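Please open the structure in your viewer and keep the selection panel at hand. The tour goes from one selection to the next, and after each selection it says what is there.

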Amino acid sequence: MSEVLCGDAAEVLKTLPQGSANMCVTSPPYYGLRDYGEENQIGVEQTPQEYIERLVEVFAEVYRVLTDDGTLWLNIGDMYANRTWETVKQKDLMGIPWALAFALRERGWYLRSDIIWHKTNALPEAVKDRPTRCYEHIFLLSKSPKYYYDYKAIQEPIKEVTAARYTRGRSGEAKYSETKMSQGIDRKTDAVTEEKRQYKRKRDVWEVSTNTFRMDEHFAMFPERLIEPCILAGSRPGDTVLDPFFGSGTTGAVAKRFGREYIGIDLNPRYLEKAEMRIAQVIPEKPYGNAADLSDGMTVGGGTI
Ligand SMILES: C[S@@+](CC[C@H](N)C(=O)[O-])C[C@H]1O[C@@H](n2cnc3c(N)ncnc32)[C@H](O)[C@@H]1O
């Protein structure tokens, strides 16, 4: 059953039973960027280390709450230091995403993918001594080496030119294909299954524009398109998707659209109220997702890397 819960993520998560969610997709507050005006908010710690420690504490609870085959899809961006700390000088790129990813790996999570969210409409920056930033990370982490990941639900149609090459033969030389065909053995067709001729596995750079509207001027919502593949690959219809930094409820909206349940947590009761109103407007889509008809659901891992 879907629910939204108000309070500090780590504290609220402690009240949830083990195994009550199948996956988690979330974007924690940035470090030192926004003041959400709430006591206990994450992102306003004295040092980047303290910020990382608080997030590690939250994700330790997420680990407990997830089913053993569950995954965490963690969206986080980097930032530049606006002052000097012990280990970071003013102007340094802070390396927050990787510091967090390594800390989570040390605590037992399997770090499975670093997906790059390329923001196709990234805003210009005033700086003239480095390239303009236009990406964030989505780390895919799993609780076990074997976990639920439905690659078929998010595979993509291949380009016509590639499909034509498969039909002609991998070498692209008509002569070769003709020889095989004339022998009555279409080895290329045997080797490349129907599915492979139409689809390719999803890659780890995702081109998605940022939202052009905001629910609140202080607010960094992630785009629905960004988390659609996470939810489609990481859960089955009827599963429960967790987001401990729910904000405007993007996770709930996409989960409901794809026939999943959700648990959303946020410190700010006003955001949760708006999130619930937003989700109430969502009509579940059937079939759930573009390639859902091809999916049979699968648990992978263990053995292959
Ligand atoms: C980057 S926003 C999440 C946006 C969300 N992904 C969306 O699409 O709307 C981070 C959220 O974390 C919440 N937050 C900050 N500290 C928190 C804490 N300790 N526990 C729970 N939520 C917290 C903020 O209120 C804010 O809504």
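Which residue with a positive phi follows H9? Select Gly259, because that glycine comes after H9 and has a positive phi, near 75 degrees. Keep in mind throughout that the model is predicted.

**The whole chain**

Now show the whole protein, which has 305 residues, 30% of them counted as buried. The protein contains 10 helices and 12 strands. Among its contacts with a separation of 6 or more, 68% are between residues 24 or more positions apart.

**Helix H9 and its surroundings**

Next select residues 250-257, which are helix H9. Six of the eight residues of this helix are buried, so H9 is largely enclosed by the rest of the structure. To see them one by one, pick Thr250, Thr251, Gly252, Val254, Ala255 and Lys256, the buried residues of H9. If you then ask what lies over these buried residues, the cover includes strand S2 (21-26), helix H8 (224-234), strand S10 (240-243), strand S11 (261-266) and H10.

**H9 with H10**

Add residues 269-280, helix H10, to the selection: H9 and H10 pack at an angle of about 20 degrees, and their axes are 9 Å apart. Because angles under 35 degrees count as roughly parallel, H9 is described as roughly parallel to H10. The crossing of these two helices is right-handed. To look at the contact itself, show Gly252, Ala253 and Lys256 of H9, which meet Ala275, Arg278 and Ile279 of H10. The residues of this contact divide into three nonpolar, one polar and two charged.

**H9 with H8**

Keep H9 and bring in H8, whose axis comes within 10 Å of the axis of H9 and crosses it at roughly 55 degrees. H8 and H9 are therefore oblique to each other, and H8 passes H9 in a right-handed crossing. On the side of H8, select Glu224, Ile227, Glu228 and Ile231, which meet Thr250, Thr251, Ala253, Val254 and Ala255 in H9. Here the contact residues divide into five nonpolar, two polar and two charged.

**The open sheet**

Move on to the strands, where eight of them form an open sheet in the order S1-S11-S10-S2-S3-S5-S4-S9, with mixed pairing. Strand S1 (3-6) and strand S9 (205-208) stand at the edges with a single partner strand each, so one side of each has no neighbour in the sheet. Neighbouring strands of this sheet are turned by 20 degrees against each other on average, with direction ignored. Within the sheet, select residues 110-119 and 135-142, strands S4 and S5, which pair in the antiparallel sense over eight bridges. One place to look is Ser113, whose bridge partner in S5 is Leu140. Then show H8 again, since this helix packs on the sheet and touches S2, strand S3 (66-76), S4, S9 and S10, its direction making about 160 degrees with that of S2.

**Two loop residues**

Finally, select Asn40, in the loop between S2 and helix H2 (48-65). Although Asn40 is not glycine, its phi is positive, near 75 degrees. Asn40 is exposed, because 12 other C-beta atoms lie within 10 Å. The last selection is Lys91, found in the loop between S3 and helix H3 (96-106). Lys91 is not a glycine either, yet it has a positive phi of about 90 degrees. With 13 other C-beta atoms within 10 Å, Lys91 is partly exposed.

Key: Residues are numbered from 1 along each chain as its sequence is written. This is a predicted model: local features need pLDDT of at least 70, side-chain atom pairs count only at pLDDT 80 or more; totals for chains, interfaces and linings use all residues. Axes are lines fitted to C-alpha atoms, for helices over the stretch in contact, and angles run from 0 to 180 degrees between N-to-C directions. Helices (H or I, at least four residues) and strands (E, at least two) are DSSP runs, numbered from the N terminus. Angles under 35 degrees count as roughly parallel, over 145 as roughly antiparallel, 65 to 115 as roughly perpendicular and the rest as oblique. A crossing is left-handed if the near helix is turned anticlockwise from the far one by less than a right angle, and right-handed if clockwise. Two residues are in contact if their C-beta atoms, placed from the backbone, lie within 7 Å. Ala, Val, Leu, Ile, Met, Phe, Trp, Tyr, Cys and Pro count as nonpolar, Asp, Glu, Lys and Arg as charged, and the others, Gly among them, as polar. A residue is buried if 20 or more other C-beta atoms lie within 10 Å of its own, exposed if 12 or fewer, and partly exposed in between; C-beta atoms are placed from the backbone. Two strands pair if DSSP finds at least two bridges between them.
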